[in-house]
Structures are given as C-alpha cells and as structure tokens.
Amino acid sequence: TLRTSGIVIGISHNGLTSGILNISSNIITINKGNVISTNLFSGIYCNSASSSNGIYAISSNTIQLNNSATSGSTIISGIYNKDNISTLNKNISSNSIAITGINSAGTTYGIFIRNSSYTEINLNEINLNNFSPSLIGIQLDTLCTTNNLDNNQIIISPVGIPANATIIGIN
C-alpha cells in the first residue's frame with residue numbers, strides 16, 4: 001500500500017506533443033493507504049496541453065484505484081483530461097475503471113473531459129464503489145461541443161453515503 005499525502009497518478013501526459021497521443025492496453029493498479037490527503041489521485045491524468053493535433057486516444061486500459069481514506073477536497077478519477085485544447089478530437093474507449101475506498105469530502109469521477117471539439121466515449125466499464133459526497137460516472141465539462149457516448153456501462157454503488165450526496169451517471 002502506497003502511503004503519501006501528495007499527488008498520485010498512474011500515467012500523466014502533461015505537456016505539448018504535436019502528433020499522436022495513444023495510451024492503450026495498460027494495467028494501472030494503485031492502493032493508496034494514507035488517511036490524510038487533500039489532493040489528486042488518478043489513473044490517467046492531463047491538466048495542461050497535450051497532443052495539439054492528430055490522434056488523441058485512450059483505449060483498452062484497466063484502471064483500479066483503491067483509496068483507504070481521504071479528507072479535504074480530493075479529486076479521484078479513472079481518466080481525467082483538462083488540457084484546454086478545444087480543437088482536439090478525443091476518443092476514450094474500451095477502458096475498465098474501478099474505484100473503491102473512501103473520499104470523505106471530495107469528488108470521484110470515472111471519466112472527466114474538458115475542452116474538445118468532438119468527443120467519442122464508448123464501450124467503457126465504470127464501477128464507482130466508494131464513499132464520496134459526489135460520484136460522477138462520466139463528466140463532460142466546459143467546451144465539449146460535440147459528444148458521442150454509446151455502450152458505456154456505469155455502475156455506481158457507494159459504500160455508505162453522505163446524506164446530501166450527488167450521484168450522476170453522465171453529466
């Protein structure tokens with residue numbers, strides 16, 4: 001079990017690339033065991049510019065995240081992309097994401113995407129089985145202009161639940 005109160009990311013692809021970005025067929029299993037954390041815990045993550053043109057694809061990955069406990073506003077996500085490139089087409093397909101454990105005051109996302117002219121999200125299996133005040137299977141955020149989501153399986157079965165929890169399959 002990994003014990004840290006800092007950022008934990010399986011694959012990070014921050015930084016500008018000019019061509020193809022293809023992340024596929026990886027197995028990411030992380031058990032995070034600290035009890036005090038206000039940070040970020042993600043399987044595949046990007047928060048700044050990635051591929052500026054060409055192919056952007058995340059496919060056929062297995063992501064298993066288990067967090068024994070957090071406090072504060074921790075973001076836990078299977079796939080998180082906030083690269084601020086609205087002209088890039090993004091394809092997220094055939095991934096298996098399972099998130100378990102406790103996120104006592106934060107948000108848990110299966111897939112989070114911001115800024116995309118065309119987003120294709122299909123054939124993903126997302127299982128959110130953790131304690132969290134906010135559980136979202138797939139979040140399409142600001143500037144996702146054209147979106148195609150098909151054949152995704154989203155299972156949200158929280159362990160216990162805060163009284164005022166937000167649970168959304170696709171937002």
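**Burial, pairing and contacts in a predicted strand model**

Reader: Is Gln-139 buried or exposed, and what is its relative accessible area?

Author: This is a predicted model, and in it Gln-139 is found in strand 13. A residue counts as buried when its relative accessible area is under 20%. Gln-139 falls under that cut-off and is therefore classed as buried, its relative accessible area being 8%.

Reader: Leaving aside neighbours within four places in sequence, with which residues is Gln-139 in contact?

Author: Gln-139 belongs to strand 13, and its burial was given above as a relative accessible area of 8%. Once the neighbours within four places in sequence are left aside, the residues in contact with Gln-139 are Tyr-109, Ile-111, Phe-112, Ile-113 and Asn-171.

Reader: How many helices and strands does the protein chain have, and what is the order of the strands in the open sheet?

Author: The protein chain holds 0 helices and 16 strands. Of these, 6 strands form an open sheet with parallel pairing. Neighbouring strands of this sheet are turned against each other by 10° on average, direction ignored. Read across the open sheet, the strand order is 1-4-7-10-13-16.

Reader: Which strands stand at the edges of that sheet, and why is one side of each left without a neighbour?

Author: In the order 1-4-7-10-13-16, the pairing is parallel. A strand at an edge has a single partner strand, so one of its sides is left without a neighbour in the sheet. The two strands in that position are strand 1 (8–12) and strand 16 (166–170).

Reader: How many bridges join strand 7 to strand 10, and which residue in strand 10 stands opposite Tyr-80?

Author: Strand 7 (residues 75–81) pairs in the parallel sense with strand 4 (residues 40–46) over 6 bridges, and on that side Ile-44 stands opposite Ile-79. Strand 7 is also mostly covered, with 6 of its 7 residues buried. Strand 7 and strand 10 likewise run parallel and are joined by 6 bridges. In this pairing, the residue standing opposite Tyr-80 is Phe-112.

Reader: What separates the C-alpha atoms of Thr-166 and Pro-133?

Author: Thr-166 has its place in strand 16 and counts as partly exposed at 36% relative accessibility. Leaving aside neighbours within four places in sequence, Thr-166 is in contact with Pro-133, Ser-134 and Leu-135. Although Thr-166 and Pro-133 lie 33 residues apart along the chain, their C-alpha atoms are separated by 6.2 Å.

Reader: Which residues form the salt bridge, and how many residues apart are they?

Author: A search of the whole structure finds 1 salt bridge, in which the side chains of Asp-141 and Arg-114 meet at 2.4 Å, N to O. Arg-114 is partly exposed, with a relative accessible area of 22%. The pair links distant parts of the chain, with Asp-141 in the loop between strand 13 (134–140) and strand 14 (144–150) and Arg-114 in the loop between strand 10 (107–113) and strand 11 (116–122), and they are 27 residues apart.

Reader: Which element of the protein chain has the highest mean pLDDT?

Author: The protein chain averages a pLDDT of 86, and 85% of the residues score at least 70. Among its elements, strand 14 has the lowest mean pLDDT, at 89, while the highest mean, 97, belongs to strand 15.

Key: Residues are numbered from 1 along each chain as its sequence is written. This is a predicted model: local features need pLDDT of at least 70, side-chain atom pairs count only at pLDDT 80 or more; totals for chains, interfaces and linings use all residues. Side-chain values use heavy atoms; hydrogens and water are left out. Two strands pair if DSSP finds at least two bridges between them. Helices (H or I, at least four residues) and strands (E, at least two) are DSSP runs, numbered from the N terminus. Axes are lines fitted to C-alpha atoms, for helices over the stretch in contact, and angles run from 0 to 180 degrees between N-to-C directions. A salt bridge is a side-chain nitrogen of Lys or Arg within 4 Å of a carboxyl oxygen of Asp or Glu. Buried means under 20% relative accessible area, exposed over 50%, partly exposed in between (1.4 Å probe, protein chains only). pLDDT is the predictor's confidence in each residue, from 0 to 100. Contact means heavy atoms within 4.5 Å.
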